[in-house]
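Here are my notes on the model, set out as numbered points for reading alongside the sequence and the coordinates.

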Amino acid sequence: MASLWLTRSASRARLRHSLSSSLSIISSSSSSSPTTITSPNFITRLSHLFPDFENSRHHFNVSKKNLSLLSNFRPGIAWISTSSGVADNSGKGDQNNKNVAGGPSWIDVYLPRGVQPYAKLARLDKPIGTWLLAWPCMWSITLASTPGQLPDFKMAALFGCGALLLRGAGCTVNDLLDRDIDTMVERTKLRPLASGLLTPFQGICFLGFQLLLGLGILLQLNNYSRVLGASSLLLVFSYPLTKRFTFWPQAYLGLTFNWGALLGWSAVKGSLDPAIVFPLYFSGVFWTLVYDTIYAHQL
């Protein structure tokens with residue numbers, strides 16, 4: 001019995017010694033300086049196209065607290081908003097609504113960090129604007145279809161992609177022109193260009209990329225529709241200025257957002273029928289005037 005007791009004591013002593021040695025090794029390795037990894041040269045050359053996260057004045061970082069809000073995240077409510085999705089720090093309003101508006105969107109959770117500012121610049125997390133731009137196109141394509149047959153789904157898909165790109169381009173133009181004003185507004189100061197997360201040059205490059213993709217879609221249409229579609233860019237680029245020099249930006253937005261009512265018909269028929277498309281177009285303009293006025297009073 002005595003020999004067995006001595007053997008157990010010796011084993012415990014050796015175990016304590018090995019554990020203390022392992023802990024000392026771990027502590028010494030954790031206190032050592034980390035290894036520096038040098039970025040490749042081709043990444044350094046393209047660094048001006050990537051967002052400057054360190055120097056941005058107001059960058060929305062996704063913390064563990066914000067990620068915990070995803071359990072209460074309600075896409076049906078957040079996606080309807082066409083605002084920038086900035087949290088209200090004034091302490092006013094319902095706390096649950098504040099969490100929904102200020103919590104992270106799917107862009108913050110799923111997209112790479114370098115892509116997030118561009119996705120927010122195009123308002124990809126606020127798809128209601130794309131739907132409002134696409135619906136007049138779909139109405140017109142449906143009216144132009146042959147009686148008794150379904151609408152052209154290929155044409156509808158082209159116009160759906162075009163609405164997404166054109167809406168993103170319009171938001172980019174708007175933020176480029178209003179970036180100095182957006183910094184003074186609580187609701188818009190965290191937008192990528194206003195916060196400094198993206199530079200104007202990066203915004204212009206992204207605008208050119210969206211317009212280039214839109215051109216690829218426009219070239220799929222007939223010549224009449226190409227000219228008609230290209231003429232809508234005048235409305236898209238001038239709309240942000242109407243908020244500064246007129247009292248009717250909603251009416252001008254109606255002229256812009258419902259251009260697809262004309263373009264959808266011409267893409268199917270190859271020309272315009274004023275007796276059909278003009279009533280559709282101007283009814284869409286008044287429809288936009290109503291919903292955008294309500295939206296303006298809700299801000």
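1. Of the 299 residues in the protein chain, 35% are buried, and this figure, like the others in this note, comes from a predicted model. The secondary structure of the chain amounts to 16 helices and 0 strands. Among contacts between residues at least 6 apart in sequence, 72% join residues at least 24 apart.

2. The largest nonpolar core has 19 residues, and the members that touch the most others are Met-155, Phe-159, Leu-221, Trp-259, Leu-262 and Tyr-281. Two or more residues of this core come from each of α8, α9, α13, α15 and α16, the last of these spanning 274-298. The largest share, 5 residues, is given by α15. Apart from this core lies another, made of 10 residues, including Leu-121, Leu-176, Leu-198 and Phe-206.

3. Trp-259 deserves a separate look. Leaving aside residues up to four places away in sequence, Trp-259 touches Leu-228, Ser-231, Ser-232, Leu-235 and Tyr-281. Of these contacts, Ser-232 is also one of the residues that lie nearest the centre of the second largest pocket, while Tyr-281 is, with Trp-259, among the core members that touch the most others.

4. Asn-258 sits in the loop between α14 and α15. Asn-258 counts as buried because its relative accessibility is 2%, where the cut-off for buried is under 20%. Not counting residues up to four places away in sequence, Asn-258 touches Pro-136, Tyr-281, Gly-284, Val-285, Trp-287 and Thr-288. The C-alpha atoms of Asn-258 and Tyr-281 are 6.1 Å apart, although 23 residues separate the two along the chain.

5. The second largest pocket holds about 450 Å³ of space. Its lining consists of 25 residues, and those that lie nearest its centre are Gly-162, Leu-166, Leu-218, Ser-232 and Leu-263. At least two lining residues are supplied by each of α8 (128-144), α9 (153-177), α12 (200-218), α13 (223-245), α14 (249-257) and α15 (260-269), and the largest share, 7 residues, comes from α9. What classes of residue make up this lining? There are 18 nonpolar and 7 polar residues, with no charged residues in the lining.

6. Thr-242 lies in helix α13 and is buried, since its relative accessible area is 9%. Beyond residues up to four places away in sequence, Thr-242 touches Pro-249 and Tyr-252. For Thr-242 and Tyr-252, which are 10 residues apart along the chain, the C-alpha atoms are separated by 7.4 Å.

7. Arg-123 merits a check of the backbone, as its phi is near 55°, a positive value in a residue other than glycine. Arg-123 is placed in the loop between α7 (116-121) and α8. Is Arg-123 buried or exposed? Arg-123 counts as buried, because its relative accessibility is 6%.

8. The last point concerns the cysteines. A disulfide is a covalent bond between the sulfur atoms of two cysteines, and a search of the whole structure finds 0 disulfides. Cys-161 counts as partly exposed because its relative accessibility is 43%, and Cys-205 is likewise partly exposed, with a relative accessible area of 34%.

Terms used: Residues numbered from 1 in each chain as written. Predicted model: local features only at pLDDT ≥ 70, side-chain atom pairs only at ≥ 80, totals over all residues. Heavy atoms only, no water. Disulfide = S-S within 2.5 Å. Buried < 20%, exposed > 50% of the residue type's maximum accessible area, 1.4 Å probe, protein only. 1 Å grid on protein atoms, 1.4 Å probe; cavity = no way out; pocket = protein on both sides within 12 Å on 5 of 7 lines; lining within 4 Å. Points joined across faces, edges and corners; volume = space filled by probe spheres on them. Helix = DSSP H or I, 4+ residues; strand = E, 2+ residues; numbered from the N terminus. Nonpolar A, V, L, I, M, F, W, Y, C, P; charged D, E, K, R; others polar. Core = buried A, V, L, I, M, F, W, Y, C linked by side-chain atoms within 4.5 Å. Contact = heavy atoms within 4.5 Å.
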